[in-house]
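User: Please take a close look at one part of this model, the ligand site. What surrounds the ligand?

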Amino acid sequence: MKNGLRKVLVANRGEIAVRVIRALRERGIVSVAVYSEADRDGLATQMADEAHCIGPAPSIKSYLRAPEIVDLAFRVGADAIHPGYGFLSENADFARRCEERGVTFIGPSSEAIAAMGSKIESRRLMRAAGVPIVPGGTEPLADAEAARAAAREIGYPVMLKASAGGGGKGMRLVREEEELGAAFRGASSEAGASFNDPSVYVERYVERPRHVEIQVLGDHSGRIVSLGERECSLQRRHQKVVEEAPSPVVDADLRRRMGDAAVCAAGAVNYVGAGTVEFLLDPSGEFYFLEMNTRIQVEHPVTELVTGVDIVAAQLDIAAGEPLPEALLGGIEPRGHAVEVRLYAEDPFRGFAPSPGRIELLRLPEGPGVRNDCGVYEGTEVTIHYDPMLAKLIVWGRDRAQALARLRRALAETRIEGIRTNLALFELLLEDEDFIAGNMDISMLDRKLENGDLQTSAPREDTLEADLPVVAAVLAHLGRTSSNGVAGTSIGATARSNWQLAARRESRRGTTWN
Ligand code: MV4
């Protein structure tokens, strides 16, 4: 059954709003942007066919106003709303409100969103569907005593997790029984404060895992396919920094098994649209369901580049009632290798502090194998009201080595002035032997930043000492001008040593999640 979309409201901002508007234009669908007062001159506001102001800068007064946004969609005659990621994208009430007003929510049913939004409920569903879950409980723990009994059963170390949690909130690693009482109270009160639901359960702690996720697409006739995996282990304090496809450690057999598990997971909630099933992959090759993200994700482009599938266009086609194309039904193997880096307006030399300001100069890389998904332009005022991600740089190569070479080249072409960015972090990572070898786990980046051992392949003993006067000069330079100061190759080596110093300084502040 087709009910072609003619007009779609994009309930988001920045690069993902731009990405969706591009897909809409290619499909000949009229795009409607919504913007806050801070985004009056935003790129998405300018690119859309129509744009409406929905309130002041704070997202709670603009991008999170569910009833007003659904009303607006209805009034302007939009057939559907694309929620992007973040904001209202995984809000079951918002999806239901759309359903009730007869506006298509571009995503799964509100029931699927709600089921996957609860860790305890999703674990029960996965267990019933035969999807492997981390060994542990599927009931909220009544008190610290119940937690103690459950943890003994599972064996230490364990992890306490908020049922309503996500992004590491309400989560505690417990290495031994003595720590359990305090950890339980901490996790439960944090969960109550953050999610209005203090329920906590316990799982076995998986040591040194990777974060590997599977992209799926489901259509309205109940067909679900896997588009393969993304390796997302490189993250700093629960914020992803680099993603790639395929994973350097997933072979065709593991890909098939993880893909089958992800399709089962999605099937358990009658999933429709684009979704992502997250797994922990342990060093022995076992994998466990973590959660399902019921939205388009930031890192979707790496999958697009290795599969040739336009995932946002697929979301639109599915929402219009089209079946999945034949070509996808047999499953597809990735072709070549793609890597994405997220460009944030934050200063790696000063503890990754946000760096608002006007973008005075913006030169993005071009050339073979390079894609930019950018939400800003030269002249954009970057505010502190929203997520600091400005753009994504994605490269493709016939293999991982070529992709990394292209990424190095692309980063060297990139110049951003007026605000500080995390570009220097990528230049360091691209010289890190563990990253180059594809040896990563979920704590690698935090660990390297803490130890200050995110270093170049060059021996570092004497260079650090020898560079000290230059480091001081570079720091002073960075303080005076507002350029990020690492694009030029001439100061590359100095910037790296400088980085190590900054990383050591920051390490004293500790991590937030355990
Ligand atoms: C875990 C884990 C180890 N063992 N569960 C972090 C966010 C939340 N969605 C799940 N998380 C984890 N759950 C068990 N049983 C380690 C993490 C974890 C993590 C997972 C994915 C990506 C990055 C991470 C960083 C720290 C901890």
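Analyst: Here is a walk through the ligand site, followed by one buried lysine.

This is a predicted model, so a few limits apply: local features need pLDDT of at least 70, side-chain atom pairs count only at pLDDT 80 or more, and totals for chains, interfaces and linings use all residues. Residues are numbered from 1 along each chain as its sequence is written, and side-chain values use heavy atoms, without hydrogens and water.

Start with the shell. It has 18 residues around the ligand, each with a heavy atom within 4 Å of it. K161, E203, R204, V206 and E291 come nearest. By class, the shell holds 9 nonpolar, 4 polar and 5 charged residues. Here Ala, Val, Leu, Ile, Met, Phe, Trp, Tyr, Cys and Pro are nonpolar, Asp, Glu, Lys and Arg are charged, and the others, Gly among them, are polar.

Now the atoms. A polar side-chain atom of E203 lies 2.8 Å from a ligand nitrogen. For R204, a backbone N or O atom is 2.7 Å from a nitrogen of the ligand. V206 places a polar backbone atom 2.9 Å from a ligand nitrogen. The protein buries 95% of the 520 Å² that the ligand exposes when taken alone (Shrake-Rupley method, 1.4 Å probe).

Next, the position. Domain 2 (135–204) and domain 3 (207–334) both give residues to the shell, so the ligand lies between them. The domain bounds come from an automatic or database assignment.

Last, K119. It is buried, at 10% relative accessibility (buried means under 20%, with a 1.4 Å probe and protein chains only). Leaving aside neighbours within four places in sequence, K119 contacts A162, S163, G165, G166, Y201 and E291 (heavy atoms within 4.5 Å).

Methods
A polar contact is a pair of N or O atoms within 3.5 Å; within protein, one must be able to donate a hydrogen and the other to accept it, and residues adjacent in sequence count only if both atoms are side-chain atoms. Buried means under 20% relative accessible area, exposed over 50%, partly exposed in between (1.4 Å probe, protein chains only).
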